[in-house]
Amino acid sequence: SGKMAYALASAARRLGAEVCLVSGPVALEPPRSVDLVAVESAEQMHQAVMDRLPGVDIFIAAAAVSDYRPLAPAAQKIKKHSDTMQIELVRNPDILADVARLSPRPYVAGFAAESENLLENACSKLSAKRVDLVIANDISRTDTGFNSDENECWLVGPGYEHRIERRAKGLIAEAILVHIADKLEPQG
Ligand code: C5P
């Protein structure tokens with residue numbers, strides 16, 4: 001739905017950050033005073049992110065990017081011919097992993113939507129994508145997460161797992177950002 005990403009962008013503004021929000025098509029009002037970059041495809045999102053990365057302190061990947069795209073998109077409506085059809089797919093770039101590979105790079109946080117073994121899978125993602133933080137959501141639940149206004153999650157970083165109890169996405173967003181700010185500049 002984009003709700004978590006938009007909540008993060010608003011919370012970052014409230015906390016005083018300069019925010020660039022690279023967004024696919026969503027049915028949400030953009031937060032005020034953010035630099036909104038509208039994209040439609042994973043490749044466009046990848047390019048837009050890479051173009052704007054220099055000088056960025058924190059990169060948070062919250063988009064549910066499609067893992068594959070059609071190899072040869074049809075220019076016109078596809079007519080039905082047979083009872084089955086196949087569409088060949090190719091892998092999309094992994095924006096989060098590509099940003100995490102850069103040097104120098106910002107603090108990098110990504111999301112993990114898991115339906116089982118939440119913390120184990122989040123930990124694997126942390127090391128596989130070499131990011132600083134994975135925000136893990138349990139999507140087997142129907143009352144939080146995808147398209148919901150509330151969420152609960154785990155913040156999984158190197159050597160720690162920190163739970164954020166269920167609350168409105170705006171408050172989850174603030175808790176995530178305060179956590180990141182503290183990692184960047186620990187307070188006494
Ligand atoms: O590997 P998986 O798709 O589960 O990882 C989810 C995280 O990776 C999310 O932060 C999502 O925004 C990011 N992602 C990405 N580019 C992709 C797929 C996922 O940045 N092509």
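Helices (H or I, at least four residues) and strands (E, at least two) are taken here as DSSP runs and are numbered from the N terminus. On that basis, Pro104 is placed in the loop between α3 and β6. The structure described is a predicted model, and residue numbers count from 1 along the chain.

The chain contains 5 helices and 9 strands. Along the sequence these elements follow the order α-β-β-α-β-β-β-α-β-α-β-β-β-α. The radius of gyration is 18 Å, close to the 16 Å that the globule rule gives for 188 residues, so the chain is as compact as a globular protein of that length. The C-alpha trace spans about 65 × 35 × 35 Å along its principal axes. Of the 188 residues, 35% count as buried. The accessible surface of the chain comes to about 11900 Å², and carbon and sulfur atoms account for 49% of this area. Where contacts between residues at least 6 apart in sequence are considered, 49% join residues at least 24 apart.

The ligand is surrounded by 13 residues, of which Ala61, Ala63, Pro93, Phe111 and Lys125 come nearest. By class, the shell consists of 8 nonpolar, 1 polar and 4 charged residues. Helix α3 (95-101) and strand β6 (107-114) each supply at least two residues of this shell. Oxygen atoms of the ligand are approached by backbone atoms as well as by a side chain. A backbone N or O atom of Ala61 lies 2.7 Å from a ligand oxygen, and a backbone N or O atom of Phe111 lies 2.8 Å from a ligand oxygen. For Lys129, an N or O atom of the side chain is 2.9 Å from an oxygen atom of the ligand. On its own the ligand has 450 Å² of accessible area, and the protein covers 83% of this area.

Helix α2 (residues 42-52) has buried residues at Ala42, Met45, His46, Ala48 and Val49. An α-helix has 3.6 residues a turn, so residues three or four places apart point the same way. The buried residues of α2 pack against strands β1 (20-23), β2 (35-38) and β3 (58-61) and against helix α3.

Ser23 belongs to strand β1. With a relative accessible area of 7%, Ser23 is under the 20% limit and therefore buried. If residues up to four places away in sequence are not counted, Ser23 touches Tyr6, Leu36, Val37, Ala38, Val39 and Met45. Met45 is also among the buried residues of α2. The C-alpha atoms of Ser23 and Ala62 are separated by 9.6 Å, with the two positions 39 residues apart along the chain as the sequence separation.

A second buried position in a strand is Asn151, which lies in β8 (residues 150-157). Asn151 has a relative accessibility of 3% and counts as buried. The side chain of Asn151 makes a polar contact of 3.1 Å with the side chain of Asn137.

Several loop residues have backbone features that call for separate description. In the loop between α3 and β6, where Pro104 is placed, a cis peptide bond joins Ser103 and Pro104, with omega about 0 degrees. Leu102 is in the loop between α3 and β6 as well. At 36% relative accessibility, Leu102 counts as partly exposed. Leaving aside residues up to four places away in sequence, Leu102 touches Met50 and Leu53. Leu102 and Arg130 are 28 residues apart in sequence, and their C-alpha atoms are 11 Å apart in space.

Arg130 itself is placed in the loop between α4 and β7 (133-138). Phi of Arg130 is near 50 degrees, a positive value in a residue other than glycine. The relative accessible area of Arg130 is 62%, over the 50% limit, so Arg130 is exposed. Asn117, in the loop between β6 and α4 (118-128), likewise is not a glycine and has a positive phi, of about 45 degrees. Asn117 is partly exposed, with a relative accessible area of 45%.

How values were computed:
Predicted model: local features only at pLDDT ≥ 70, side-chain atom pairs only at ≥ 80, totals over all residues. Heavy atoms only, no water. Near = heavy atom within 4 Å. Polar contact = N/O pair within 3.5 Å; in protein donor to acceptor, adjacent residues only side chain to side chain. Areas by Shrake-Rupley, 256 points an atom, 1.4 Å probe, with all protein chains shown as cover. Nonpolar A, V, L, I, M, F, W, Y, C, P; charged D, E, K, R; others polar. Rg over C-alpha atoms; globule rule 2.2 N^0.38 Å. Buried < 20%, exposed > 50% of the residue type's maximum accessible area, 1.4 Å probe, protein only. Contact = heavy atoms within 4.5 Å.
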